[in-house]
Structures are given as C-alpha cells and as structure tokens.
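These are my notebook entries from an afternoon of looking things up in one structure. I wrote each entry as I went along, beginning with the backbone and ending with a single residue.

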Amino acid sequence: MTSPLSGVHVTGWGSYAPSLVLTNADLERMVETNDEWVVSRTGIRERRIAGPNETTASMASVAGLRAIATAGLEPDDIDLIIVGTLTPDYPMPSTAALVKQAIGNKRAAAMDVAAACSGFVYGYATAHAYVASGMAKNVLVIGAETLSRYTDFTDRGTCILFGDGAGAAVLSASDEPGGTMGIEMTTEPSGAYYIWLPAGGSARPTTNATLASGEHYMKMKGAETFKMAVRTLGSTSLASVRRAGLELSDLDLVVPHQANVRIIEALAKSLHFPMEKVFVNVSRYGNTSAASVPLALSEAVASGRVKQGDRLLLVAFGAGLTSGAITLQWTADPAAMARAAGIGPADVTIQPGYLEPTNPFPAALEWLRAESGAAS
Ligand code: COA
C-alpha cells in the first residue's frame with residue numbers, strides 16, 4: 001500500500017537515563033504516600049534523577065550521539081538538531097544549540113520545540129517535514145528532560161510521577177519503501193492550565209513572592225488531565241493510523257507516552273487494542289515527558305520487540321494540551337544499536353557559561369544522593 005507520506009525513515013535511535021534511582025520507598029520518607037498507592041494508581045515503581053553534573057543538554061547529547069552512531073553516521077552528517085523539552089538548560093540559548101556543540105557538529109541548524117510531553121513527537125513531525133521537503137537529509141530529534149529540578153518534593157500529587165532522562169532518533173531521507181506513514185498533531189488549549197509551570201516566564205516573572213509560593217514548580221490537575229489524556233490519545237492515534245491508510249489491527253506495536261499505566265490501559269481499552277502489543281516501561285522511569293516516547297522506543301528495539309517491517313504507532317500527549325501520533329513502518333536493523341556501545345556521559349562536554357557555577361541538584365534529594373554514595 002502506498003502511504004501519502006514516504007521517503008523518511010528512522011535510521012538511528014538511542015537513549016540515556018541517569019544512574020541515581022528514586023524509589024517509591026524513598027518517596028515514602030518525604031511525603032505522605034506509600035508504594036501500594038503509587039503502583040496501583042500509576043504503575044510507577046521508580047524513576048531516575050539527574051546528578052549535579054547532568055543537565056537536559058548533557059543527557060540529550062549522550063542519547064543523540066548514540067542515535068547518530070546507530071545510524072552509522074558522524075555528527076557532522078546531521079543537518080538539523082531538534083530538542084523537545086520543557087526543562088531546557090536555560091530560557092536562552094536553546095538546549096539544541098548546547099547539544100550541537102557537545103556532540104561536535106559544525107554545520108547543523110539547531111532549535112528547541114516546546115510541546116511538553118509531546119515534544120519528541122512534535123519534533124519528529126517537524127523533522128519529517130524538513131526531510132520530505134528536501135531541506136534536510138539527516139535530522140537528529142531528541143526528547144530530554146530534567147523534571148526533578150521543577151518538581152515540588154512536598155507535593156505528593158506530582159512528585160510521585162516524574163523522572164529524568166533522554167531519548168533520540170535520527171530521521172533520514174531514503175527511497176526504500178516504508179518509513180513514516182501517517183502523522184497527526186493536535187493542541188487543545190481548553191486544558192492549557194491542567195499542567196503548567198506558572199512562574200519564570202513573561203506573565204509571572206520570578207520574584208521573591210513567586211519563589212515563596214512555589215510557583216516555579218509544576219502544578220497539575222491530575223483527574224482532569226487523566227480524562228482528557230485518554231480521549232485525546234485515542235483520537236490522535238486513530239487519525240494517524242487512518243492517514244497512513246491502515247487500521248489499528250495492522251499495528252505490531254504501540255509505543256505510547258509513559259505517563260501512567262492506567263492511562264495506557266484505558267487508551268488500549270477504548271481502542272479495543274490488546275495490551276500485549278503496547279510497550280510499557282513506566283514502572284522504571286516514571287513520566288519523563290518529552291524523553292518518554294524515544295526512551296521507550298529505544299528500549300522496545302533493544303528488547304527485541306521491534307523487527308524490520310513492523311508497523312509502529314508512537315503517540316504522546318502533554319501540557320498545552322498537545323497530542324501527536326506517528327504511524328511508521330520500521331526499516332532499520334535492530335542490531336545496528338551495537339554501534340553505539342561504549343558511548344556515555346564522558347563523551348560529551350557542555351560548554352559552561354561565564355557566571356559562577358551552581359549546584360542544580362534538588363536540595364530535597366541530597367539525602368538520597370548521600371545515601372546512594374553517588375559520585376556524579
Ligand atoms: N499518595 C497517597 N495518596 C494520594 C497521593 C499519593 N501520592 N496523591 C493523592 N492522594 C490522595 C488524594 O489526596 C485523594 O485523597 P482524598 O480522597 O482523601 O482527597 C486520593 O488520594 C485520590 O486522589 P485523586 O487525585 O483523585 O487520585 P487519582 O486516582 O486521580 O490519581 C493521579 C492521581 C495524579 C495519579 C492521576 O490523576 C493521574 O495520573 N493523572 C494524570 C497525570 C498525568 O499523567 N500527568 C502528566 C501528563 S503528561
């Protein structure tokens with residue numbers, strides 16, 4: 001079947017998760033909660049926390065280098081770098097600009113995409129458009145987040161959910177059959193304030209008062225978000241699959257945004273889609289926002305869940321409320337990720353700014369770092 005979209009393939013993929021683990025038992029020591037409640041309401045058992053020397057750009061760069069190596073490319077083969085993130089290193093410059101330098105690319109354009117948890121899928125769609133139009137041959141798309149630095153560890157409604165990490169993919173032009181088949185993107189601003197970070201922007205610049213009231217932390221209306229997420233994920237998924245000229249039954253694997261296993265199960269139920277064909281790793285990472293889909297995709301490929309010729313659906317939703325879904329036929333050899341073996345944090349250096357260095361690690365978690373004896 002000829003799809004309306006063609007000629008753009010995922011040729012590389014990779015991810016990075018920091019080593020420090022924050023378990024539900026650890027959270028029990030900080031807020032009024034318990035492992036049973038968190039697992040039964042969310043499916044989350046633990047999440048990763050970036051160390052003091054790690055930032056969104058540093059984690060993004062490791063995932064990006066791994067994706068480039070898997071694609072069999074050099075950093076300078078990349079024409080455009082897109083980073084989806086809601087936790088950039090700075091409001092400016094873009095995190096993508098820092099990534100460009102850290103991976104040693106001399107020629108790419110670089111920009112961030114602000115679509116919250118849909119950031120990677122929106123970035124993928126943007127990359128697809130650049131490659132399909134001939135404006136770029138190889139695009140590096142990254143989703144990366146350091147949510148622990150925007151999390152109120154006294155708010156049990158949010159601190160149980162989020163974690164840090166990064167995932168990446170390289171999209172390349174190719175005349176081979178397969179590749180991207182259907183793209184759907186939506187934004188529903190009636191839910192714009194269901195998940196938001198009030199202070200630090202032009203509407204509510206940071207002041208002593210915003211700091212004192214904790215407005216620099218993520219706020220969320222959990223139940224409202226849950227309902228809208230299930231509805232939107234379902235409609236976006238269906239639209240993307242139909243644009244590809246397929247039915248849901250043609251899919252081999254769905255890789256959804258990993259926010260909450262109950263949202264994923266409700267999505268599958270609403271679509272009458274079997275959970276056996278849905279990839280879930282939320283128990284180990286929590287919600288890593290824009291990093292979640294590419295992190296899950298990389299793990300799905302690494303664990304043998306994706307074969308050449310498989311039809312995949314990547315689907316996400318996030319603050320905005322944004323949602324996006326990509327239907328694609330996987331063409332890359334899963335074994336290619338062996339090329340990225342050995343790439344790690346030591347391979348990237350983020351050029352520091354000229355102000356006095358600071359320790360960005362959340363003060364509320366210093367006890368965990370001390371107990372785990374983490375060096376980073
Ligand atoms: N531990 C124990 N109890 C908790 C708790 C926690 N961490 N968080 C909330 N509770 C309590 C509430 O205070 C409430 O108690 P009450 O009835 O005495 O007031 C009770 O548990 C139920 O709270 P509620 O908020 O209705 O729970 P829920 O079933 O909706 O689950 C979420 C809460 C946050 C897990 C759920 O709403 C959710 O996952 N929403 C989507 C969030 C999301 O995915 N956001 C990111 C989108 S990209």
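## Notebook: backbone, packing and surroundings

**Entry on the model.** I note at the start that this is a predicted model.

**Entry on Ala 116.** I looked up Ala 116 and found it in the loop that runs between strand 5 (109-113) and helix 5 (119-132). Its phi is positive, about 50°, although the residue is not a glycine. I then asked myself whether Ala 116 is buried or exposed. It counts as buried, because 24 other C-beta atoms lie within 10 Å and the cut-off for a buried residue is 20 or more.

**Entry on Ser 289.** I turned next to Ser 289, another residue other than glycine with a positive phi, here near 50°. Ser 289 sits in the loop between helix 9 (282-285) and helix 10 (292-302), and with 35 other C-beta atoms within 10 Å it is buried.

**Entry on helix 10.** I followed the chain from that loop into helix 10, where 10 of the 11 residues are buried, so the helix is largely enclosed by the rest of the structure. Among the buried residues I wrote down Pro 294, Leu 297, Glu 299 and Val 301. After helix 10 comes Gly 304, and the phi of this glycine is positive, near 85°.

**Entry on cis peptide bonds.** I looked up the bond between Met 92 and Pro 93, which is a cis peptide bond with omega about 0°. Pro 93 belongs to the loop between strand 4 (80-84) and helix 4 (95-102). I also looked up the bond from Gly 320 to Leu 321, which is cis as well, with omega near -15°. Leu 321 lies in the loop that links strand 12 (311-318) and strand 13 (322-329).

**Entry on helix 3 and helix 4.** Before looking at this pair I reminded myself that two packed helices are described by the angle between their axes and the distance between the axes. Helix 3 (residues 56-70) packs with helix 4 at an angle of about 55°, and their axes are 9 Å apart. The two helices are therefore oblique to each other, and helix 3 passes helix 4 in a right-handed crossing. On the side of helix 3 the contact is made by residues including Thr 56, Ala 60 and Gly 64, while helix 4 contributes Thr 95, Leu 98, Val 99 and Ala 102. I noted that the residues of this contact divide into 5 nonpolar and 5 polar, with no charged residue.

**Entry on the ligand.** Which residues come nearest to the ligand? Of the 21 residues around it, I listed Thr 33, Arg 156, Gly 222, Phe 226 and Ala 259 as the nearest. Helix 2 (35-42) and helix 7 (222-243) each supply at least two residues of the shell, and the largest share, 5 residues, comes from helix 7. By kind, the shell divides into 11 nonpolar, 8 polar and 2 charged residues.

**Entry on Ala 268.** I closed with Ala 268, which lies in helix 8 (residues 261-271). Ala 268 counts as buried because it has 20 C-beta neighbours inside 10 Å, and the cut-off is 20 or more. Leaving aside residues up to four places away in sequence, Ala 268 touches Phe 273, Met 275 and Val 278. I also looked up its separation from Thr 55: the two residues are 213 residues apart along the chain, and their C-alpha atoms are separated by 34 Å.

Definitions and conventions. Residues are numbered from 1 along each chain as its sequence is written. This is a predicted model: local features need pLDDT of at least 70, side-chain atom pairs count only at pLDDT 80 or more; totals for chains, interfaces and linings use all residues. Helices (H or I, at least four residues) and strands (E, at least two) are DSSP runs, numbered from the N terminus. A residue is buried if 20 or more other C-beta atoms lie within 10 Å of its own, exposed if 12 or fewer, and partly exposed in between; C-beta atoms are placed from the backbone. Axes are lines fitted to C-alpha atoms, for helices over the stretch in contact, and angles run from 0 to 180 degrees between N-to-C directions. Angles under 35 degrees count as roughly parallel, over 145 as roughly antiparallel, 65 to 115 as roughly perpendicular and the rest as oblique. A crossing is left-handed if the near helix is turned anticlockwise from the far one by less than a right angle, and right-handed if clockwise. Two residues are in contact if their C-beta atoms, placed from the backbone, lie within 7 Å. Ala, Val, Leu, Ile, Met, Phe, Trp, Tyr, Cys and Pro count as nonpolar, Asp, Glu, Lys and Arg as charged, and the others, Gly among them, as polar. A residue is near a molecule or strand if its C-beta atom, placed from the backbone, lies within 6 Å of it.
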